[in-house]
Amino acid sequence: MTAVGASGFPILMDTFVRLTKSPVVSIAKIRGCVRGREQRVRARCDMRFASRENTRLGQPEVGVGLHPAGGGTERLPRLVGRGSRA
């Protein structure tokens, strides 16, 4: 049996829902590599500031053929747009 949070969702999703609906502004500072759950938490913040020099965002689950949980595939592309390497 999966533990359920106050919103009725499993604990991880409950945390994301509560962060998204919080009356307090949430700000994430991103520098370096952010992957998996860390990236999904930052995607739910109201504002995100990332270093242009060395920020890397990723979904490691995709590399092994798994679908990332927690909304990573839905939110990340909308936030950062299509990537290009120069």
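Leaving aside residues up to four places away in sequence, valine 17 touches Ser7 and Phe9. This valine is found in helix H1, which covers residues 11–21. A partner from further along the chain can be added to the picture: the C-alpha atoms of valine 17 and arginine 44 are separated by 8.5 Å, although the two residues stand 27 residues apart along the chain. These values, like the others in this passage, come from a predicted model.

With one helix introduced, the overall layout can be described. The protein has 4 helices and 4 strands, and reading along the sequence gives the pattern α-β-β-α-β-β-α-α. Of its 86 residues, 28% count as buried. About 6,600 Å² of the protein is exposed, and carbon and sulfur atoms supply 56% of that area. Contacts can also be sorted by how far apart the partners lie in sequence. Among those between residues at least 6 apart, 34% join residues at least 24 apart.

The surface includes a nonpolar patch formed by Val25, Ile27, Met47 and Phe49. Together, these four residues have about 400 Å² of accessible area. One of them, methionine 47, can be followed a little further. Its place is in strand S3, made up of residues 47–50. Is this methionine best described as buried, exposed or partly exposed? Methionine 47 counts as partly exposed because its relative accessibility is 35%, a value that falls between the limits of 20% for buried and 50% for exposed.

Serine 51 offers a useful comparison to work through. This residue lies in the loop between S3 and strand S4, the latter spanning residues 56–58. How does serine 51 score on accessibility, buried or exposed? The relative accessible area of serine 51 is 15%, so the residue is buried; the cut-off for that label is under 20%.

What surrounds this serine can be listed as well. Its side chain joins that of glutamate 53 through a polar contact of 3.1 Å. A polar contact of 3.2 Å links the side chains of serine 51 and asparagine 54. When residues up to four places away in sequence are not counted, serine 51 touches Ile30 and Arg31. Taken together, the description of serine 51 combines a loop position, a buried label, polar contacts with glutamate 53 and asparagine 54, and the touching residues Ile30 and Arg31.

Technical notes: Residues numbered from 1 in each chain as written. Predicted model: local features only at pLDDT ≥ 70, side-chain atom pairs only at ≥ 80, totals over all residues. Heavy atoms only, no water. Patch = residues over 30% accessible without salt bridge, like charges linked within 9 Å, V, L, I, M, F, W, Y side chains within 5 Å. Areas by Shrake-Rupley, 256 points an atom, 1.4 Å probe, with all protein chains shown as cover. Salt bridge = Lys/Arg side-chain N within 4 Å of Asp/Glu carboxyl O. Helix = DSSP H or I, 4+ residues; strand = E, 2+ residues; numbered from the N terminus. Buried < 20%, exposed > 50% of the residue type's maximum accessible area, 1.4 Å probe, protein only. Polar contact = N/O pair within 3.5 Å; in protein donor to acceptor, adjacent residues only side chain to side chain. Contact = heavy atoms within 4.5 Å.
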